[in-house]
Amino acid sequence: MPIELVVNVVIAGVLTGLVYGLMALGLSVIFGVVRVVNFAHGEMMTIAMYATVVLFASLQLDPFLAVVPVGAAFFVFGYALQAGLINPFITRPEHSQFMLLLAVAIVMVNGLLMVFGPDARNVQVDYQLESYAIGPILFDKARVYASATAVAASAALFAFFKFTRTGKAIRACADNYLGAKVVGLNVRRYYALTFGLGSACVAVAGCMMILLVDVSPVLGPAYTLLAFVIVIVGGLGSMAGALLGGVLIGVSEALAGLFIQPSAKSMFSFALLILVLLLRPQGLLGRKP
Amino acid sequence: MKVQTGTSRVRRRVLKAAAASAALSTLGFPAIVRAQATRLRVGVVLPRSGVQGFIGQSCQKGADLAPGVIKEMLGVDIEIMSADNESNVDVSRTRGERLVQEGAHVLVGAFDSGQTAALAQVAEQRGVPLVINIAAAPQITEQGYKFVFRNFQTAPDIVRNGLALIGDLFQATNTVPRTAVFMHVNDTFGMAMAKGIAAVMPRQTQLPFKIVDTIQYDVATKDLTVEVSKAKASKADFVLLVCRLNDAILLRREMVKQRWNPMGIVSPGSPGMYEEQYFKTLGKLSEYSISNVPWYNPRAELTKVVEKAFLKQNPKDKLVFNGLNVGFTFEAILIAADAFKRARATDPKALTAAIRQTNITSKMMLGAPIKFNEKGQVEGIGSACVQNLNLVPTVVLPAVVATAKPVFPWPHYQA
């Protein structure tokens with residue numbers, strides 16, 4: 001098998017995996033702090049993809065520029081969702097939270113079906129069919145830009161949690177709920193802020209993902225599942241783990257497609273998941289409970 | 001079609017009345033309603049959403065125009081009961097069940113082989129005839145089903161006709177490609193086509209090429225990077241493709257991204273590349289793709305009638321982008337209506353017996369008259385080599401029905 005073929009496939013896997021990673025990062029951040037598993041994660045990304053399509057169709061706004069309004073709108077939406085709907089469920093049994101977010105997901109899918117219909121949609125930007133070439137090695141432009149944006153957004157989120165007072169306060173809430181309350185932090189507000197940030201994260205991922213795949217309302221559940229696989233492989237609650245998990249899933253799918261059978265490539269993400277659950281249940285970069 | 005004389009009509013009416021009173025005493029009132037119905041209720045199951053949504057919607061246009069056209073043709077009243085199976089095999093089964101419960105006398109559908117196989121099981125279990133509009137997996141009519149009829153080519157027939165047309169294409173364009181990479185979806189249809197190609201290719205000794213690699217992929221795939229990388233690495237002269245719509249679009253885009261310019265893409269008989277959405281989404285990239293598929297006869301009288309009705313219902317659309325889907329769906333309903341007219345009953349057994357006796361010579365699609373063999377399969381349905389030229393699917397072979405000359409190899413795409 002020619003080496004340039006393997007290199008090309010690995011590069012595509014890494015670039016796609018970084019966007020997957022950003023999508024899963026939102027899920028990981030929300031779970032890491034709020035301890036709520038967002039079962040509507042993929043559906044939220046689907047809505048972000050549709051928002052990008054609408055902005056592109058109506059204002060000719062490039063998906064990279066759409067990151068700002070869509071990200072901001074999702075931050076507000078996520079904040080409101082947590083503050084208005086999820087916060088009352090924080091102290092309730094986990095299955096109540098599970099059912100609540102599953103219901104939100106179903107409402108989202110059917111809402112999209114009602115508004116946009118079942119048809120797949122995409123954006124047609126000038127650079128979508130172009131690629132950079134270094135000898136026989138090709139870099140798909142859309143993938144390069146999308147993954148660079150994913151890395152930049154992830155770095156900004158890391159910096160926020162590491163260096164800002166608000167970020168540190170959120171981490172304090174995540175580390176010790178009671179302690180955070182004792183020192184006077186408004187935990188529920190920080191939870192809402194975190195859900196807003198996680199939603200903004202998934203919105204940015206959606207803006208980038210529309211450059212790689214066409215969107216249809218039924219896309220959501222598949223991406224929710226993918227996000228789960230990624231964060232479990234990387235480590236639930238670990239931000240670096242989400243990115244690593246994304247890249248691992250992207251590359252393993254690509255290599256499995258190349259060496260074994262393209263139609264069986266998604267099987268390998270789940271095989272990887274089983275392997276991680278058996279050998280390192282807390283995920284590759286996760287902390288032991 | 002048999003002409004009924006007045007005497008036989010009266011006799012039949014008397015017999016029907018006798019049968020009705022017998023039914024009243026033995027089976028109850030609903031049986032009379034079924035026997036005396038003056039309107040045929042046709043349950044049409046199609047994938048109008050999901051991955052095959054565009055094609056299902058295209059087929060639906062054939063169902064929508066059928067009542068009006070058939071009323072004029074045969075003087076028969078039919079009612080279409082539509083159901084969306086969401087491109088899902090299980091949903092296809094439940095929608096079929098529901099249509100029968102709601103009073104459908106005959107089922108029509110379901111475009112996809114897997115979804116149709118599920119619908120065929122419903123038809124057999126409930127004893128309601130199913131007329132398949134489009135579905136190629138041969139096993140559907142190989143299982144001894146009594147209520148299942150298909151007016152569409154089986155996968156081996158499609159492959160045989162498609163490969164023969166590929167030979168004709170090379171001859172017409174004086175080209176001799178030596179290698180092909182075979183790419184196909186892994187759904188029921190794709191696997192049946194792959195089996196067909198494996199069986200038929202060795203016998204097609206006039207074809208100058210050999211298949212150097214076979215790549216199968218998921219029908220609901222969202223990314224074909226790896227598949228196209230592999231295909232490109234095979235250095236094949238052209239792509240032999242069995243696809244659906246969404247993956248055909250992904251594949252063509254990915255070929256451009258990876259700067260791969262083989263001699264062309266030729267489908268030995270699958271949907272996708274002649275669909276309107278392929279043109280709408282890809283624009284100029286859709287040009288020169290070739291599909292060897294069962295197609296309609298543009299010169300047939302019935303085509304003109306259907307086209308008129310189609311344009312009336314879809315003024316912004318063109319029949320040429322929906323020809324195969326509309327044509328076969330319309331013909332499936334025509335078969336049911338014709339049987340209803342002859343049987344003069346909606347009783348499933350009478351309808352089934354009448355469908356078995358079908359002999360429709362005035363038809364829209366290419367090929368022999370619609371007659372079912374003992375397995376419920378129509379034989380002799382024709383194919384055409386359809387190439388995308390000037391953003392329209394254009395018949396380029398066989399020469400007798402062609403409206404343009406084939407272009408092969410295709411000109412390289414310039415961004």
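I began with Glu86(B), which lies in the loop of chain B between strand E2 (77-84) and helix H4 (89-101). The model is a predicted one, and I kept that in mind for each entry. I looked up the phi of Glu86(B) and found a value near 55°, positive in a residue that is not glycine. I noted this because most residues other than glycine have a negative phi. Is Glu86(B) buried, exposed or partly exposed? Its relative accessible area is 38%, so I wrote it down as partly exposed.

**Entry: another positive phi**

I then went to Arg259(B), which sits in the loop between helix H9 (245-257) and strand E9 (265-267) of chain B. Arg259(B) is not a glycine, yet its phi is positive, at about 55°. Its relative accessibility is 47%, and Arg259(B) therefore counts as partly exposed.

**Entry: cis peptide bonds**

I looked up omega in the segment that follows strand E12 (392-397) of chain B, where Pro398(B) is found. The bond joining Leu397(B) to Pro398(B) is cis, with omega about -5°. Pro409(B) also has its place in the segment after E12 of chain B. The bond to Pro409(B) from Phe408(B) is cis, and omega there is near 0°. I recorded both bonds because most peptide bonds are trans.

**Entry: nonpolar cores**

Which residues have the most contacts inside the largest nonpolar core? They are Ile70(B) and Trp295(B), and this core has 140 residues. Helix H12 of chain B, residues 323-343, contributes the most to the core, with 13 residues. I listed the contacts of Ile70(B), leaving out residues up to four places away in sequence: Gly75(B), Val76(B), Ile78(B), Phe330(B), Ile333(B), Leu334(B) and Ala337(B). I also found a second core, separate and of 81 residues, which includes Ala48(A), Ala169(A), Ile170(A) and Tyr191(A).

**Entry: helices H2 and H3 of chain A**

I moved to chain A, to helix H2 (residues 41-59) and helix H3 (residues 63-86), whose axes come within 10 Å and cross at roughly 135°. H2(A) and H3(A) are therefore oblique to each other, since an angle from 115 to 145 degrees is neither roughly perpendicular nor roughly antiparallel. Their crossing is right-handed. On the side of H2(A), the residues in contact are Met44(A), Ile47(A), Ala48(A), Ala51(A), Thr52(A), Leu55(A) and Phe56(A). They meet Pro63(A), Ala66(A), Pro69(A), Val70(A), Phe74(A) and Phe77(A) of H3(A). By class I noted 12 nonpolar residues, 1 polar and no charged ones in the contact of H2(A) with H3(A).

**Entry: helices H3 and H4 of chain A**

At what angle do H3(A) and helix H4 (residues 94-116) of chain A pack? The angle is about 130°, and the axes are 12 Å apart. That makes H3(A) oblique to H4(A). H3(A) passes H4(A) in a right-handed crossing. H3(A) brings Phe77(A), Leu85(A) and Ile86(A) to the contact, and H4(A) brings Leu100(A), Leu101(A), Val104(A) and Met108(A). I sorted these residues by class and got 7 nonpolar, no polar and no charged.

**Entry: Asn38(A)**

I looked up Asn38(A) in the loop between helix H1 (3-34) and H2 of chain A. Its relative accessibility is 1%, so Asn38(A) counts as buried. Which residues are in contact with Asn38(A), leaving aside its neighbours within four places in sequence? I found Leu27(A), Ile30(A), Met44(A), Leu101(A), Phe195(A), Thr224(A) and Phe228(A).

**Entry: two glycines in helices**

Gly167(A) lies in helix H6 of chain A, residues 165-175. With 0% relative accessibility, Gly167(A) counts as buried. Not counting residues up to four places away in sequence, Gly167(A) touches Phe160(A) and Phe161(A). From Gly167(A) to Leu157(A) there are 10 residues in sequence and 9.0 Å in space, C-alpha to C-alpha.

Gly257(A) has its place in helix H10 of chain A, residues 239-259. Its relative accessible area is 0%, so Gly257(A) is buried. Leaving aside its neighbours within four places in sequence, I listed the contacts of Gly257(A) as Pro262(A), Lys265(A), Val226(B) and Lys230(B). Gly257(A) and Phe268(A) are 11 residues apart in sequence, with 9.1 Å between their C-alpha atoms.

Conventions:
Residues are numbered from 1 along each chain as its sequence is written. Chains are lettered from A and ligands numbered from 1 in the order in which they are written. This is a predicted model: local features need pLDDT of at least 70, side-chain atom pairs count only at pLDDT 80 or more; totals for chains, interfaces and linings use all residues. Side-chain values use heavy atoms; hydrogens and water are left out. A nonpolar core is a set of buried Ala, Val, Leu, Ile, Met, Phe, Trp, Tyr and Cys residues joined through side-chain atoms within 4.5 Å. Buried means under 20% relative accessible area, exposed over 50%, partly exposed in between (1.4 Å probe, protein chains only). Helices (H or I, at least four residues) and strands (E, at least two) are DSSP runs, numbered from the N terminus. Contact means heavy atoms within 4.5 Å. Axes are lines fitted to C-alpha atoms, for helices over the stretch in contact, and angles run from 0 to 180 degrees between N-to-C directions. Angles under 35 degrees count as roughly parallel, over 145 as roughly antiparallel, 65 to 115 as roughly perpendicular and the rest as oblique. A crossing is left-handed if the near helix is turned anticlockwise from the far one by less than a right angle, and right-handed if clockwise. Ala, Val, Leu, Ile, Met, Phe, Trp, Tyr, Cys and Pro count as nonpolar, Asp, Glu, Lys and Arg as charged, and the others, Gly among them, as polar.
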